Amino acid sequence: KYTIETLLPNKILVLDGAMGTAIQQLNLVEADFSCGCQCHHSQKGNNDILTITKPDVIKDIHKAYLQAGADIIETNTFNANRISQADYGLESKVYDINYYGAKIAREAADEYTEQDPSKPRFVAGSIGPTNKTASLSPDVENPGIRNISFDELRAAYEEQIEGLVDGGVDVLLIETIFDSLNARAAIIAADHVLTSKAAFVPIMISGTITDKSGRILTGQTLEAFAESMKHDRVISIGLNCAFGPKDLVPFIKELAKTQNLFISFHPNAGLPNSLGGYDETPAEMAVYVKELAEEGLLNIVGGCCGTTPDHIKAIYEAVQGVKPRAIPQLEQTTMYCGLEVVKVNKENNFVNIGERLNVAGSIKFARLIREGNYEEALSIAKEQVENGAQIIDVNFDDGLLDAEKEMDAFLKLIASEPEIAKVPVMIDSSKFTVLEIGLKAIQGKAIVNSISLKAGEQEFIEQATIIKNYGAGIVVMAFDEQGQADTYERKTAICARAYR
């Protein structure tokens, strides 16, 4: 009868609070976490496995938040992916943890919906960021290496999301995002799973900023992060964790004014104290929530670390009768981004694209790449940005080079240089495999240069769909099955086919 999407325009929905905080208060022991696996790892602290070993405990926590007024409860699956579960030797349990985590939450939510059908309750599948990052090197001496690949992240997320969807979640919540490339892998994984199952489950996005400047851990500004997360399945964007509500207020206001999605907000109960606890009271949190709600800036609100059912009750009471934020009608603006945003509009007149990182157009750059002199090659990129390039074009199409290997390696090196990585990248190649490898190597909203209709519409649509899933822009060349367009009429016809 109801879906989250149909209710959000009419009321502010309340999300639950911290699962970890509730579990810690129970003082569970090793035996409570043990699932009988011969994995030779201590399981204490692996909260996600409790969906299997102590399902009643998890269900009671869900019920406490539902009783407090939560409209949406999160599954106990924040770290239920094989990357995080490798620390406990429980990779083989990932599907089961997610499936039963979703089932437990589903049962609790349905019980409360049955008690009061006028207040339907929903289940959000909690998807954490993993404990690795695709955009940063774990070794300061070797900035080009990564301890996880995009494909490994995507596979891990697909396994997790399949369990959540099979278990009956209403929405997927990709949260505590500190690297938009990790989150993009999760979005693509979700799209693949949902498409294969013909399932209509929306996605919520929630990032976490790491300092008062408003950047996430990998250095992206809030605006660049939001632009990087665009996808047809995404219905909301917001912030959680990191700070208490007071410090997040200006950033929520920024999102509310610049995004045409629903806005979510679930902060910590203040900053952690010297003992790792959280001291902000329910009443103190509710003050900031009420302020944002009455200004018309919220659609979804709840709590993160340190929040309890008492906090959620106070938040629920603070937003009762307050109208939700209306999604604004924003002027459509073309934007691309690396760590920062570049807007393409009338005010810019035109955008400068640096072309010196193209082995076909720069003899010096080609020589440096063949010699493996990446440090000097990077200096060319830095010089272009310093001289005003707003986007940098990178191309390795050369018979003497492994273009796939070079694109991956060089873009990862660029990511380690904030002075360069702040601008968007135009990934340039005549080989689609190279283009996709480039999209997997960098965060942000890149531009693909290029695809065309020369192999027909089916291949064009397939390639355009893949690029769209990565959130990138596309340069479409005026080619079709008959060759390059040589008249105005032919160019017009090809454009019409491409943008149909």
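Okay, so the largest nonpolar core in this predicted model has 131 residues, and Leu172, Ile205, Phe396 and Phe410 are the ones that touch the most other members. If you ask which element gives the most to this core, the answer is helix H9, with 10 residues. As a reminder, nonpolar side chains tend to be buried together in soluble globular proteins.

Let's take leucine 172. Leaving out residues up to four places away in sequence, its contacts include Gly125, Ile127, Ile161 and Leu164, then Ala190 and Leu194, and also Val201, Pro202, Ile203 and Met204. There's also a second, separate core of 14 residues, and among its members are Ile72, Phe122, Ile235 and Ile300.

Now to strand S5, residues 203–207. Is S5 buried or exposed? Five of its five residues are buried, so the strand is largely enclosed by the rest of the structure. You can see that on both faces: Ile203, Ile205 and Gly207 are buried on one side, and Met204 and Ser206 are buried on the other.

What about the neighbours of S5? Strand S4, residues 171–177, runs parallel to S5, and four bridges join the two. One pairing to look for is isoleucine 177, whose bridge partner in S5 is glycine 207. To get from S4 to S5, the chain goes through helix H9, residues 180–197, in a right-handed β-α-β crossover.

Strand S6, residues 234–240, is also parallel to S5, here with five bridges. Find serine 206 and you'll see glycine 238 of S6 standing opposite. The chain passes from S5 to S6 through helix H10, residues 222–228, and that β-α-β crossover is right-handed too.

Okay, next, the open sheet further along. It has five strands in the order S11-S12-S13-S14-S15, with parallel pairing. Which strands stand at the edges? Those are S11, 353–358, and S15, 473–476; each has a single partner strand, so one side of each is left without a neighbour in the sheet. On average, neighbouring strands here are turned by 25° against each other, ignoring direction.

Inside that sheet, S12 (residues 391–395) and S13 (residues 425–428) pair in parallel over four bridges, and valine 394 has isoleucine 427 as its bridge partner in S13.

Last, the helices on this sheet. H16, residues 403–415, lies across S11, S12 and S13 and runs at about 155° to S12. H19, residues 457–469, lies across S14 and S15, at about 175° to S14. That's it from me, happy to pull any of this up on the screen.

Methods:
Residues numbered from 1 in each chain as written. Predicted model: local features only at pLDDT ≥ 70, side-chain atom pairs only at ≥ 80, totals over all residues. Heavy atoms only, no water. Buried < 20%, exposed > 50% of the residue type's maximum accessible area, 1.4 Å probe, protein only. Pairing = 2+ DSSP bridges. Right-handed = clockwise from strand over helix to strand, strands pointing away. Core = buried A, V, L, I, M, F, W, Y, C linked by side-chain atoms within 4.5 Å. Contact = heavy atoms within 4.5 Å. Axes fitted to C-alpha atoms, helices over the stretch in contact; angles between N-to-C directions.
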